[in-house]
Amino acid sequence: MEPEEFTLVRDALRSFAARHRVDRADEIEPRARTTAQRALDELGLGELRLASPPAATAQECALLAEEHGRQPLTTSLLGTALLAPELLRLLGNPASASRPTLALAADLRFPGPYRSPLVAWDCAAADSALCVEPDGTVRRTGLGPPVRTADLLRDVRAVPDDGSGEVVGRLGPDDRRRWQSYALVVVAAELVGAAHAFVQLSTRYARDRRQFGRPIGSFQAVQHLLADARVLVEACTSATRYAAWCLDHEPPDGALTAARVAKAEVNTSAVEAVYAGMQVFGGIAQTWEHVAHLYLRRVLVGTRLLATTDDLLPVLAEEIPSAAAEDAPSAEPEVTR
């Protein structure tokens, strides 16, 4: 998109998020979910990556995911508007009368080499789910009953385990890397948005909350907590935005390595930043009526979404040294003639 066009799209998403955010767990109810999802669908964001070439870059989609993460929203942007359309595009955009989301393993990670139950993740308004198997085969399957997760904002449903999934295509090795990279970056970007917004909320609270006749933000211990949290947020923001840039400019191998680094960084830094914000809020953050636990739940679930740190670090330990070895100058001695 042109910069002006992207600004309009981002501002429309911000306006939507401000109108449909939830501030308490008690506000999460089916009618409100349906109304919010309908309003999001009217923005047409599902078309951004469906065309070839896409109307929006991967960097722009990552920024939109970041905006969506800043507010506690019950809508499906990632599953039905960003991830499933990208998968269909990589498959050659096969004609589809359904509206799919993403199918993941029951623990919300990428499906592994061994058969296990699946769930349809982030499936508000979806009527099917796409599962990418380890060999690149993509199957479409129906949706089962709801499944409870710690993230109260996100719809997750079981996937029928009857082998009735329809094969809709197969990703080649490079496209499978592109898909994994894009998915990791988009999910990481939403977590970055959530962590950043929560640290901002806790900073404003520290300015307003008074104790012993002074704002608690004037106490050095609180300042250290918030400063450390801000550094953590900046670290995962930088890693994620660089990974998003790599999606648009680097070959599949390099983009996947950057995406794995970003997700590993977010898995650690976003959680620590939100923990710091919870401490600043103090006891009020532990209550059901406060918004804090909605952010905390989303970030905690996000640390195991697609790939955990334990999944990523061993792979990165093998990838990065080999890449460095390729770039290193030859150790052979120069021959003087």
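Two strands count as paired if DSSP finds at least two bridges between them. Keep that in mind for the first views of this predicted model.

**Figure 1. Strand β1 and its two partners.** Welcome to β1, which spans residues 100-105. Strand β1 is mostly covered, with six of its six residues buried. With strand β3 (residues 128-132), β1 pairs in the parallel sense, and three bridges join them. Look for Leu102, which stands opposite Leu130 in β3. With strand β2 (residues 118-121), β1 pairs in the antiparallel sense, over four bridges. Here Leu104 has Val119 of β2 as its bridge partner.

**Figure 2. The open sheet, strand by strand.** Stepping back from β1, you can follow six strands that form an open sheet with mixed pairing. Reading across, the order is β5-β2-β1-β3-β4-β6. The edges are β5 (156-158) and β6 (166-170), each of which pairs on one side only. On average, and with direction ignored, neighbouring strands of this sheet are turned by 35° against each other.

**Figure 3. Helix α4 across the sheet.** This view adds helix α4, made of residues 78-90. Helix α4 lies across β1, β2, β3 and β4 (137-141). Relative to β1, helix α4 runs at about 90°.

**Figure 4. Inside the nonpolar cores.** The largest nonpolar core holds 91 residues, and the members that touch the most others are Leu83, Trp121, Val138, Leu171, Trp179, Tyr182 and Leu306. Helix α5 supplies the largest share of this core, 16 residues. If you would like one residue to explore, try Val138: leaving aside neighbours within four places in sequence, its contacts include Leu87, Leu91, Leu130, Val168 and Leu171. Glu166 and Gly169 are also among the contacts of Val138. A second, separate core has eight residues, including Ala120, Cys123, Leu143 and Val159.

**Figure 5. A tilted aromatic pair between two helices.** The structure holds four aromatic pairs. One of them joins Phe198 and Tyr295, whose rings are 5.5 Å apart centre to centre, with 40° between the planes. That angle makes the pair tilted, because planes under 30 degrees apart would count as stacked and those over 60 as edge-to-face. The pair links distant parts of the chain, 97 residues apart: Phe198 sits in helix α5 (residues 173-208) and Tyr295 in helix α8 (residues 292-302). Phe198 has a relative accessible area of 0% and is therefore buried. Tyr295 is buried too, at 3%. Together with Tyr205 and Phe281, these two residues form one aromatic cluster.

**Figure 6. A stacked aromatic pair within helix α6.** Tyr242 and Trp245 form a stacked pair, at 6.0 Å centre to centre and 20° between the planes. Both lie in helix α6 (residues 220-249), three residues apart, which is about one turn of the helix. Tyr242 has 49% relative accessibility, so Tyr242 counts as partly exposed. Trp245, at 32%, is partly exposed as well.

**Figure 7. Ala12 in helix α1.** Our last stop is Ala12, found in helix α1 (residues 3-20). Is Ala12 buried or partly exposed? Its relative accessibility is 30%, so Ala12 counts as partly exposed. For orientation, use Trp179 as a landmark: Ala12 and Trp179 are 167 residues apart along the chain, and their C-alpha atoms are separated by 27 Å. You have already met Trp179 among the core members that touch the most others.

Methods:
Residues are numbered from 1 along each chain as its sequence is written. This is a predicted model: local features need pLDDT of at least 70, side-chain atom pairs count only at pLDDT 80 or more; totals for chains, interfaces and linings use all residues. Side-chain values use heavy atoms; hydrogens and water are left out. Buried means under 20% relative accessible area, exposed over 50%, partly exposed in between (1.4 Å probe, protein chains only). Helices (H or I, at least four residues) and strands (E, at least two) are DSSP runs, numbered from the N terminus. Rings of Phe, Tyr and Trp (its six-membered ring) pair if their centres lie within 6.5 Å; planes under 30 degrees apart count as stacked, over 60 as edge-to-face and the rest as tilted. A nonpolar core is a set of buried Ala, Val, Leu, Ile, Met, Phe, Trp, Tyr and Cys residues joined through side-chain atoms within 4.5 Å. Contact means heavy atoms within 4.5 Å. Axes are lines fitted to C-alpha atoms, for helices over the stretch in contact, and angles run from 0 to 180 degrees between N-to-C directions.
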